[in-house]
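Student: I am new to this one. Can you take me through it step by step?

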Protein chains: 2
Amino acid sequence: MFAKLWLDDVVDNNGTVVTNNGFDTGNVVYINTVKELTTRKAVSGLKVVLTKASDAGLSDEGYEIKKSGDSYEILANNERALIYGAFRFISLIRLNKDITAAVREVPVSPLRMLNHWDNMDNSIERGYSGESFLFKDNDIVIDDRTVYYARLLASVGYNGVVINNVNVKDAACDLINERFIEKVSKLSAIFDSYGVKMYMCLNYAAPIDDPEVGSADPLDEKVIKWWEKKMDYIYEHVPTLGGFLVKADSEGRPGPFTYGRTQAEGANMLGRAIKPHGGIILWRCFVYNCRQDWRDTSTDRARAAYDYFNTLDGEFEDNVIIQVKNGPVDFQVREPVSPLFGAMPRTNEMIEFQIAQEYTGQQRHVCYLIPWFKEVLSFDIYARDAKSDDTTVLGVVTGKTYKNKLCGICAVTNTGNDYNWTGHDLAAANLYGLGRLAFDPSLSSEDIAGEWIKLTLSDDPKVVSNVTKILMMSWPAYEKYSAPLGIGWMVHPADHYGPDPDGYEYSVWGTYHKATCKTVGLERNSTGTGYAGQYNKPLCDIYEDPATTPDELELFFHKLPYDYVLKSGKTVIQHIYDAHFEGAEDVVVMNGLWQELKGLVPDDAFERVTKRFEHQLSHSEYWRDVINSYFYRKTLIPDEKGRALY
Amino acid sequence: MFAKLWLDDVVDNNGTVVTNNGFDTGNVVYINTVKELTTRKAVSGLKVVLTKASDAGLSDEGYEIKKSGDSYEILANNERALIYGAFRFISLIRLNKDITAAVREVPVSPLRMLNHWDNMDNSIERGYSGESFLFKDNDIVIDDRTVYYARLLASVGYNGVVINNVNVKDAACDLINERFIEKVSKLSAIFDSYGVKMYMCLNYAAPIDDPEVGSADPLDEKVIKWWEKKMDYIYEHVPTLGGFLVKADSEGRPGPFTYGRTQAEGANMLGRAIKPHGGIILWRCFVYNCRQDWRDTSTDRARAAYDYFNTLDGEFEDNVIIQVKNGPVDFQVREPVSPLFGAMPRTNEMIEFQIAQEYTGQQRHVCYLIPWFKEVLSFDIYARDAKSDDTTVLGVVTGKTYKNKLCGICAVTNTGNDYNWTGHDLAAANLYGLGRLAFDPSLSSEDIAGEWIKLTLSDDPKVVSNVTKILMMSWPAYEKYSAPLGIGWMVHPADHYGPDPDGYEYSVWGTYHKATCKTVGLERNSTGTGYAGQYNKPLCDIYEDPATTPDELELFFHKLPYDYVLKSGKTVIQHIYDAHFEGAEDVVVMNGLWQELKGLVPDDAFERVTKRFEHQLSHSEYWRDVINSYFYRKTLIPDEKGRALY
């Protein structure tokens, strides 16, 4: 069983679900009854005419919705865009938006994707909402949920989904082979029918196991031919496939480095093999030394992606996209923006976020990430050699800055086979929000939250108001009660959950804060690892000096004494204490706001979220007390306000 | 496949293996060729006469070996003791000991047992030498190895073995039911044939699942009857069973506390039920609050066993033994001796050691524990109301102090299905040594090491000398490079392996050191948790004051400033630095001693141990650097000798 989220199907006048598989344009389409909302009267039987109109001046994915008499018309270049438009139409109706004037929308981000880290044994790497609904018992699962999932993605504007984990092992190696290819084809067709391209991850080392090849060297003729033949085979069976996402030379995954080749040589080999089929290669930049000696102070993991990739600008094939994590390290609650977004004018770039709350409460804590993503996207990275005025991250990844077509926004997904899809009911706001944000980045975080609340919980004003407040408080709260001032990584290494201030201090992962009794933080400016110098001016200068570095990133960039006075006027140590007390207090407030909603939201959702809040209340106190006590024990500097430290 | 350790079978003149199943006394017995030693000439065909002689003045387990003409005679009261004698005879021959004069030996410890933490799914809790050889696929395994294992135990004087994990779950609940009882009987008979009693762990909550009972209240008539009937059933099928070991009210295990009953009431209920069958109940004292709030400074896990049990002295049935861990916490490399050994004059006590190297290098580091066990056993606990001059732990657990018959020495075993039984070849010295030590505690650690080396590796003098040195250095080395001055617990919580100085600081387990930038250690005297007061005089006074507390336990008992000067003349901080540098250096020495033995010990053993030393060399450096850097960062006090700290 699973919950139905936000939108239902669009059904034509023959009772057929309208999909990308083709339908008679000009037909009248009826809108299903709105079933999920209990507080509004049902709307059904609205007449809509879907019209293909390539002369309407809309891009391939845009649409126009307009009222004509007692019915409506939706115009778009193709079926796919018509489906987006139809879903948008339902959404506008449900949201009681005024659509007497025409609505004309074109998605801003060319690619809007989710990445699954689902394994074929049913597990999900960093999954916090049950097991996979895509794979089980080393086989592909195709059932009602598959269809509903495709619809769910399309209905908020996603146009791509990567179905399997980037760490391709065991059965997943056979997704491109005879064993699974027919099911892969079927699955891809389902996504395609809703206008969503399916992608897969592949094992870069695959040709090694072919005794005729025995290598994965991207410049080896035999390897090249092997992949060409493989891509021919794949596309013969799965013509709707979007392409592949590849993690190479990272955390034990093989890659071009094994053969002394560059990341570009590796990616291009695949890019050229897939090009005849119109496919694309997404090449992850998550390459770093994951066996670092913690005693080594010269290596800095934050530098790695830039160091490996920036010199390759211009060398990638035009159907290759490099997929760059939002920050230089790994999805912490706060990081600076990756400098790679400012450094690759001749390369397609995709930004990778993570809505799976790996480091942000694992869907046991509420943490609405859209405000954070908006902050990252709107960040001026001063992209070098820009072809427009827009030098923000958003400009770079949406093609505005460099006038390229292949680029976009993706996120590691937070879905699983839990009834409510995302473990925490409120985590679905991230699933909804990322899709909407990629489609229309001009939407505010509050707008998106409001839409989601109305479409899923209730449009009762108190519900909208309280849940919006909860969502908007949640990410800042998590930042406050977890690791301070951009330092990150104060979590248990094995599961990335709960406080462990020294958890990563003596490990191989390159993630250290080196707190002593006098100072805390890592020097990443020119007197330290030099990471700050990877940014274009003026950012490199700003991050060079603690006086100009924003408070929230001070300890990411600088080693500071505990009595250093921040821009807020507080010392580092007092900031730590205050933030942690405030953060835990914020959870009390959020829980209070939720408790006011009993009877106003569906009972089961109320109970589920209440249970999670019970945990978050005690766990945020635990975070508060551990981090504060850690620093108190390190310094014995008392809290100015005399609150309890242990 | 598995290695054959130390001794072969005793075979009579009909070629039949001599076991406890009965044999014609007076028969001539031949000794098999010694196969394992490569450096000594084989000895075979020795004539020995085994004689039952209840008038020889030997206890039930003693024997006398004497030469008569060109053959030998072994005298004992019964078959079991004759087998011990026969094994001892082989051992003496192999060790080239002079046996022209009669050898007369009686085991000192009444019970000499090993506890398996083997689960029926084949796993071993805290097992470091492969999987279980007793259980697999939720069934009992009986094969050649079973027989060899029984012989192995008997050959060094063990007289009891508990076959399953104290945490009794799933299939193991059925060891006392029809599902497994016949196999249990067969297994028990095999052990018995070598003079070793088999014991099992039971699930205290078992009668809850019987709908006729639905309770485990030890004072409930229905529960009492249930266990009486159950014991009748068990002994009808397994007449050779020794009894049961029970872990109750601990770490999630149910027990008498659930019903507001005392530990004595719980244990006695089982004791009375098993008494008609001559069985005994071993009741573990490992009872503590395992959900402690780390912010709570009043609770002290070290106090728990004493607090729960000392008031129950005299209340236990005479066939009940309380099984007390050597120290008050949990098998750390250094702990004070449990005060319970001095506090229960009218109660049978068994000491529980752990040769599974859970906290002492997990059989990847060499750590010969016999010197540590000897230190514990010879410790004068000033046992109250003693009936003899011997107030040591050894006196208490061997019946000398209180003139009781049921008491003894046991250890959690370090065996598994690895080829060499114990993962690290040198860890077998602990398996051998604990048996020998319990039989004859007057043996020195070096004596035991020497015997073991000659019986298993070689009697080449260089091998004996070097391996003895390695073994004797190994426990002190591990203590030096791991947690300092008795503080313990600076390990990764999940697997108890490798340094994690704050790993247990903010957890529920009651194991804290509370290091700040000024002090380290827990105050456990009268100004602190009062734990020191659990000892009889003069120990309570000695541990009350840092000035009289031995250096190696200072931080267990006291919170001390880093510049506190120890009896060694060093400050606490300098002691930490020095010890950690020395400990890692000791590993270099031990490895050097081993490397000299290439060609002198069997090649496969040489390679296996060399591999483990490679790991120990780097891992001891890792321990050194992490612990030293932890304290350096806390204090910024430099090493007097200017060595590298990070």
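Tutor: Here are some short questions with answers.

This is a predicted model: local features need pLDDT of at least 70, side-chain atom pairs count only at pLDDT 80 or more, and totals for chains, interfaces and linings use all residues. Residues are numbered from 1 along each chain as its sequence is written, chains are lettered from A and ligands numbered from 1 in the order in which they are written, and side-chain values use heavy atoms, with hydrogens and water left out.

Student: How many disulfides are there over all chains?

Tutor: A disulfide is a covalent bond between the sulfur atoms of two cysteines. Here the rule is a pair of cysteine sulfur atoms within 2.5 Å. Over all chains, the count is 0.

Student: Which cysteine sulfur is nearest to that of A:Cys290?

Tutor: A:Cys290 is in no disulfide. Its relative accessibility is 14%, so A:Cys290 counts as buried (buried is under 20% relative accessible area, exposed over 50%, partly exposed in between, with a 1.4 Å probe and protein chains only). The nearest cysteine sulfur is 16 Å away, in A:Cys285.

Student: Why does B:Cys517 not bond to A:Cys517?

Tutor: B:Cys517 is buried, because its relative accessibility is 13%. The closest cysteine sulfur to that of B:Cys517 is in A:Cys517. It is too far for a bond, because the distance is 5.9 Å.

Student: How many residues does each chain bring to the contact?

Tutor: Contact means heavy atoms within 4.5 Å. Chain A and chain B both take part. The numbers are 24 residues from chain A and 24 residues from chain B.

Student: Which residues of chain A lose the most area to chain B?

Tutor: Buried area is the accessible area (1.4 Å probe) that two parts lose on being put together, summed over both. Chain A and chain B bury about 2,200 Å² between them, with 61% of it on carbon and sulfur atoms. Three residues together make up 36% of what the chain A side buries. They are A:Arg295, A:Tyr506 and A:Arg633.

Student: Which helix gives the largest share of the lining of the largest cavity?

Tutor: On a 1 Å grid over the protein atoms alone, a cavity is a set of points where a 1.4 Å probe fits but cannot get out, a pocket is an open set with protein on both sides within 12 Å along at least five of seven lines, and lining residues have an atom within 4 Å of a point. The largest cavity holds about 130 Å³ of space (points are joined across faces, edges and corners, and a volume is the space filled by probe spheres set on them). In chain B, α1 (79-94), α2 (144-155) and α9 (428-439) each supply at least two lining residues (helices, H or I, of at least four residues and strands, E, of at least two are DSSP runs, numbered from the N terminus). The largest share, 4 residues, comes from α1(B).

Student: What is the make-up of the lining of the second largest pocket, by class?

Tutor: About 560 Å³ of space lies in the second largest pocket. Its lining has 24 residues, and among those closest to the centre are A:Glu61, A:Asn159 and A:Lys405. Ala, Val, Leu, Ile, Met, Phe, Trp, Tyr, Cys and Pro count as nonpolar, Asp, Glu, Lys and Arg as charged, and the others, Gly among them, as polar. By class there are 9 nonpolar, 8 polar and 7 charged residues.

Student: Which residue does a cis peptide bond join to B:Lys537?

Tutor: Most residues other than glycine have a negative phi, and most peptide bonds are trans. In chain B, omega is about 0° at this bond. The partner lies in the loop between β17 (519-520) and α12 (539-544) of chain B. The residue is B:Pro538.

Student: What is phi of B:Trp489?

Tutor: B:Trp489 lies in the loop between α11 (461-481) and β17 of chain B. It is buried, because its relative accessibility is 8%. Its phi is positive, in a residue other than glycine, near 65°.

Student: Leaving aside neighbours within four places in sequence, which residues is A:Glu596 in contact with?

Tutor: A:Glu596 sits in the loop between α14 (572-595) and α15 (603-635) of chain A. Its relative accessible area is 41%, so A:Glu596 is partly exposed. The contacts are A:Lys462 and A:Asn466.
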